[in-house]
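This report is an introduction for a reader who has not met this structure before. Please have the sequence and the model at hand while reading.

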Amino acid sequence: MKKEKIVITYGTFDMFHIGHLNLLQRAKKLGDKLIVAVSSDEFNSLKNKKSVICYEQRAKIVSHIDCVDMVIAENSWEQKMEDIKKYGVDVFVIGDDWEGKFDFLKEFCEVVYLKRTEDVSSSKIREFMQ
């Protein structure tokens with residue numbers, strides 16, 4: 001029996017927009033099961049980021065997207081390595097704004113940097129709202 005191919009991605013997913021959806025749909029196409037780690041409010045605080053939407057609501061939104069099979073909390077930078085081992089991850093996916101930053105994971109799984117959707121980001125939405 002063929003082992004299912006497991007894909008994981010990470011993000012804050014604040015003010016969910018089409019760029020987020022595009023990333024998740026493209027990530028799912030790389031395997032059979034998509035795990036999405038949503039940054040907790042506490043982890044965002046450590047990164048000096050403040051979300052408009054709380055973790056519980058962001059995680060619930062992401063969990064209801066058809067291509068998402070599982071949502072977990074992201075609580076630290078080091079967690080990525082632990083998650084790859086814990087869930088038997090085959091493909092780590094992240095936006096290309098992180099290009100090269102996670103190459104160290106290549107000895108444990110495939111690392112894919114996906115091109116971001118042009119002209120859309122949570123930062124741009126925040127700027128527009130001010």
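The following paragraphs treat a helix, the nonpolar cores, the aromatic residues and two backbone angles in turn.

## Helix α3 and its buried side

The model is predicted. Helix α3 spans residues 55-63, and V62 lies in this helix. The buried residues of α3 are Y55, R58, A59 and V62. These residues cover an arc of only 95 degrees around the axis, so they sit on the same side of α3. An α-helix has 3.6 residues a turn, so residues three or four places apart point the same way. On the face of α3 turned away from the buried side are the exposed residues E56 and K60. The cover over the buried residues of α3 includes α1 (18-28), β2 (33-39), α2 and β3.

Within this helix, V62 deserves a separate description. V62 counts as buried because its relative accessibility is 0%, where buried means under 20%. Leaving out residues up to four places away in sequence, V62 touches F13, F16, L24, V36, V38, V68 and V71. The C-alpha atom of V62 is separated by 9.5 Å from that of A37, a residue 25 places away along the chain.

R58, one of the buried residues of α3, is also among the residues touched by N44. N44 lies in helix α2 and counts as buried because its relative accessibility is 0%. Beyond residues up to four places away in sequence, the contacts of N44 are T12, S39, K49, S51 and R58.

## The nonpolar cores

In soluble globular proteins, nonpolar side chains tend to be buried together. The largest nonpolar core here has 18 residues, of which L24, L34, V36, V62, V68 and V93 touch the most other members. Two or more residues of this core come from each of α1, β2, α3, β4 (91-95) and β5 (110-114). Apart from this core lies another, of 15 residues, among them I8, I72, I84 and L105.

Which residues are in contact with L24, leaving aside its neighbours within four places in sequence? They are T9, F13, F16, L34, V36, V62, I65, C67 and V68. V62 thus appears among the contacts of L24, and F13 is touched by V62 as well as being in contact with L24.

## Aromatic residues

The structure holds 7 aromatic pairs. Two of them are set out below.

| Pair | Geometry | Centre to centre | Angle between planes |
|---|---|---|---|
| F43 and W77 | edge-to-face | 5.2 Å | 75 degrees |
| F102 and F104 | tilted | 6.2 Å | 45 degrees |

F43 lies in helix α2 (residues 41-46) and W77 in the loop between β3 (70-74) and α4 (79-87), so their pair ties together parts that are 34 residues apart in sequence. F43 counts as buried, at 2% relative accessibility, whereas W77 is partly exposed, with a relative accessible area of 41%. In the other pair, F102 is buried, with a relative accessible area of 6%, while F104 counts as partly exposed at 48% relative accessibility.

Both pairs belong to a wider group: Y10, F43, W77, F92, W98, F102 and F104 form one aromatic cluster. Two lysines lie over rings of this cluster. K47 lies over the face of W77, at 5.6 Å from the ring centre. K80 lies over the face of Y10, at 4.6 Å from the ring centre.

## Two positive phi angles

Most residues other than glycine have a negative phi. What is the phi of F13? The phi of F13 is near 55 degrees, a positive value in a residue other than glycine. F13 lies in the loop between β1 (6-11) and α1 and is buried, with a relative accessible area of 4%.

N48 likewise is not a glycine and has a positive phi, of about 60 degrees. The place of N48 is in the loop between α2 and α3. With a relative accessibility of 73%, N48 counts as exposed. The two loop residues therefore fall into opposite classes of accessibility, F13 being buried and N48 exposed.

Note on methods
Residues numbered from 1 in each chain as written. Predicted model: local features only at pLDDT ≥ 70, side-chain atom pairs only at ≥ 80, totals over all residues. Heavy atoms only, no water. Helix = DSSP H or I, 4+ residues; strand = E, 2+ residues; numbered from the N terminus. Buried < 20%, exposed > 50% of the residue type's maximum accessible area, 1.4 Å probe, protein only. Contact = heavy atoms within 4.5 Å. Phe/Tyr/Trp six-rings, centres within 6.5 Å; stacked < 30°, edge-to-face > 60°. Lys NZ or Arg CZ within 6 Å of the ring centre and 35° of its normal. Arc of directions from axis to C-beta. Core = buried A, V, L, I, M, F, W, Y, C linked by side-chain atoms within 4.5 Å.
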